[in-house]
Amino acid sequence: MMDVLIINGKTVNDEPVEIAIKDGQIIDVASKLEYEATQTINLNKRSYISAGWIDAHTHCYEDLPLYHDSPDEIGYTKGVTTVVDAGTTGAENIGDFYRASKDSITNVKALLNISKTGIVKQSELADMNDIDEKLVLESIEKYEDFIVGFKARMSKTVVGENGILPLKSAKSIQKKSKKLPLMVHIGSAPPLLEDILELLEDGDILTHCFNGKENNIMDNHQRIKRSVWEAYNRGVVFDIGHGTDSFNFDVAEVAFKEGLTPHTLSTDIYHRNRENGPVVDFSTTIEKLIVVGYSLQEIIPMITTKPAEMYHLNKKGHIKEQFDADFTIFNVESETKVLTDSNGNTRTTDTVIKPTHTIIDGSVYTLGG
């Protein structure tokens, strides 16, 4: 007897799929299954099912003043099975976040800010004394099932007069850890994007890759910079990280035309840009990449397999036997909708993504609306 049986579903490639679940794991996957189950979900050959959506860049620790939200408000209620908080907390408060995360239905993981304070103020890397290598390494060891990487925000308002120095410290700490991935936020200069890219290696993550600021990935001729292509080709991971100020349609469209496909799609969501826009939710960010020109078949790996591999979430991101029973069931509707980027530019789409069920560890949550 299975706990859950999903029948008459389809993949984003429009292939039939049925899935048997027991004890929080995927037991069987095929185009047609015959099992008895406590709960059967019939998708009537209409709805798509993918591995559970993973938002690789969020801010969801509720007890810090600047960037905060509820993991479940941006997670399972929106079709997202796993959220990764991108450096809201540092060594001084990661323990509180870890304990709070246990109350969430949504899977929660964290990137540790290299500043021990986390983002209690906008300029958390302006004082190099706040980068305590010993505390960072101790936190990683203590919360090894929770911390999946590091975060360094490398823009002028964050680093103050320190320029590239915090990133050099982050890379030094990384080499003494278990080679966890380092996510680097880019924004206003200094430091220059070129100087940041020079230090990034295979597996490091560049977030806000399609931002519309002066210090972005395009040169004066509206082409992708040579240094950007060099980083991309040596294995630096390009992450959307939409956020309040960091997604621009024009930049994204140039990247699409030149063939620079982001590796991961994430929201950089927190309560203000969820409530007031322009982020709103994960589905809206997916819709923005679709209107730029990326296909759903290209996007689904950006929110499943690729973030799972990037963060070494070894039992997530795939619909395979013995993997975690995390799924997102959704419909693709024909509906006119105006989408707004971080700079107020708009595009109109006729393709809308509507999650209907979120399944986490085999537990089914039906979404309203």
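**Exercise 1. The enclosed space**

Task: State the volume of the largest cavity in this predicted model, and describe its lining.

Solution.
Step 1. The largest cavity holds about 50 Å³ of space.
Step 2. The number of cavities of 30 Å³ or more comes to one.
Step 3. Residues that line the largest cavity include Ala 51, Gly 52 and Ile 54, then Thr 81 and Thr 82. Lys 315, Lys 316, Gly 317 and His 318 also belong to the lining, as do Asp 324 and Asp 326.
Step 4. Sorted by class, this lining has two nonpolar, five polar and four charged residues.

**Exercise 2. The largest pocket**

Task: Find the volume of the largest pocket, the residues nearest its centre, and the element that gives the most to its lining.

Solution.
Step 1. The volume of the largest pocket is about 370 Å³.
Step 2. Its lining is made of 23 residues, and those nearest the centre are Tyr 67, Gln 122, Arg 153, His 185 and Asp 245.
Step 3. Two elements, β9 (147-154) and α4 (156-159), each supply at least two lining residues. With three residues, α4 gives the most.
Step 4. The classes in the lining of the largest pocket are 13 polar, six charged and four nonpolar residues.

**Exercise 3. The second largest pocket**

Task: Describe the second largest pocket by volume, by central residues and by the classes in its lining.

Solution.
Step 1. About 280 Å³ is the volume of the second largest pocket.
Step 2. It has 17 lining residues, with Thr 11, Ser 50, Ala 51, Ile 300 and Ile 319 nearest its centre.
Step 3. Two or more residues of this lining come from each of β2 (16-22), β5 (48-51) and α11 (296-302).
Step 4. The lining of the second largest pocket counts nine nonpolar and eight polar residues, and no charged ones.
Step 5. Ala 51 is among the residues nearest the centre of this pocket, and Ala 51 also lines the largest cavity.

**Exercise 4. A threonine in a strand**

Task: Decide whether Thr 358 is buried or exposed, and list what surrounds it.

Solution.
Step 1. Thr 358 sits in strand β14, which covers residues 346-360.
Step 2. Thr 358 counts as buried because its relative accessibility is 0%, and the cut-off for buried is under 20%.
Step 3. A polar atom of the Thr 358 side chain lies 2.7 Å from the backbone oxygen of Tyr 76.
Step 4. Neighbours within four places in sequence are left aside; the contacts of Thr 358 are then Tyr 76, Gly 79, Val 80, Thr 81, Phe 327, Ser 363, Val 364, Tyr 365 and Leu 367. One of these, Thr 81, is also in the lining of the largest cavity.

**Exercise 5. Helix α8 and its ends**

Task: Name the buried residues of α8, what covers them, and the residue that caps the N-terminal end.

Solution.
Step 1. Helix α8 spans residues 249-258, and its buried residues include Phe 249, Val 251, Ala 252, Glu 253, Val 254 and Ala 255.
Step 2. Among the elements that cover these buried residues are α10 (282-292), β13 (327-340) and β14.
Step 3. The N-terminal cap is Asn 248, where a side-chain oxygen lies 2.9 Å from the backbone nitrogen of Asp 250.
Step 4. Gly 259, just after α8, has a positive phi of about 90 degrees.

**Exercise 6. Cysteines**

Task: Give the count of disulfides, and explain why Cys 60 and Cys 209 count as buried.

Solution.
Step 1. The count of disulfides is zero.
Step 2. Cys 60 counts as buried because its relative accessibility is 2%.
Step 3. Cys 209 counts as buried because its relative accessibility is 0%.

**Exercise 7. Backbone features in loops**

Task: Locate the cis peptide bonds at Pro 190 and Pro 278 and the positive phi values of His 312 and Asp 361.

Solution.
Step 1. Ala 189 and Pro 190 are joined by a cis peptide bond with omega of about -5 degrees. Pro 190 is in the loop between β10 (182-186) and α6 (193-199).
Step 2. The bond from Gly 277 to Pro 278 is cis, with omega near 10 degrees. Pro 278 is placed in the loop between α9 (271-275) and α10.
Step 3. His 312, in the loop between α12 (305-310) and β13, has a positive phi near 55 degrees. His 312 counts as partly exposed because its relative accessibility is 49%.
Step 4. Asp 361, in the loop between β14 and β15 (363-366), has a positive phi near 50 degrees. With a relative accessible area of 42%, Asp 361 is partly exposed.

Conventions. Residues numbered from 1 in each chain as written. Predicted model: local features only at pLDDT ≥ 70, side-chain atom pairs only at ≥ 80, totals over all residues. Heavy atoms only, no water. 1 Å grid on protein atoms, 1.4 Å probe; cavity = no way out; pocket = protein on both sides within 12 Å on 5 of 7 lines; lining within 4 Å. Points joined across faces, edges and corners; volume = space filled by probe spheres on them. Helix = DSSP H or I, 4+ residues; strand = E, 2+ residues; numbered from the N terminus. Nonpolar A, V, L, I, M, F, W, Y, C, P; charged D, E, K, R; others polar. Buried < 20%, exposed > 50% of the residue type's maximum accessible area, 1.4 Å probe, protein only. Polar contact = N/O pair within 3.5 Å; in protein donor to acceptor, adjacent residues only side chain to side chain. Contact = heavy atoms within 4.5 Å. Disulfide = S-S within 2.5 Å.
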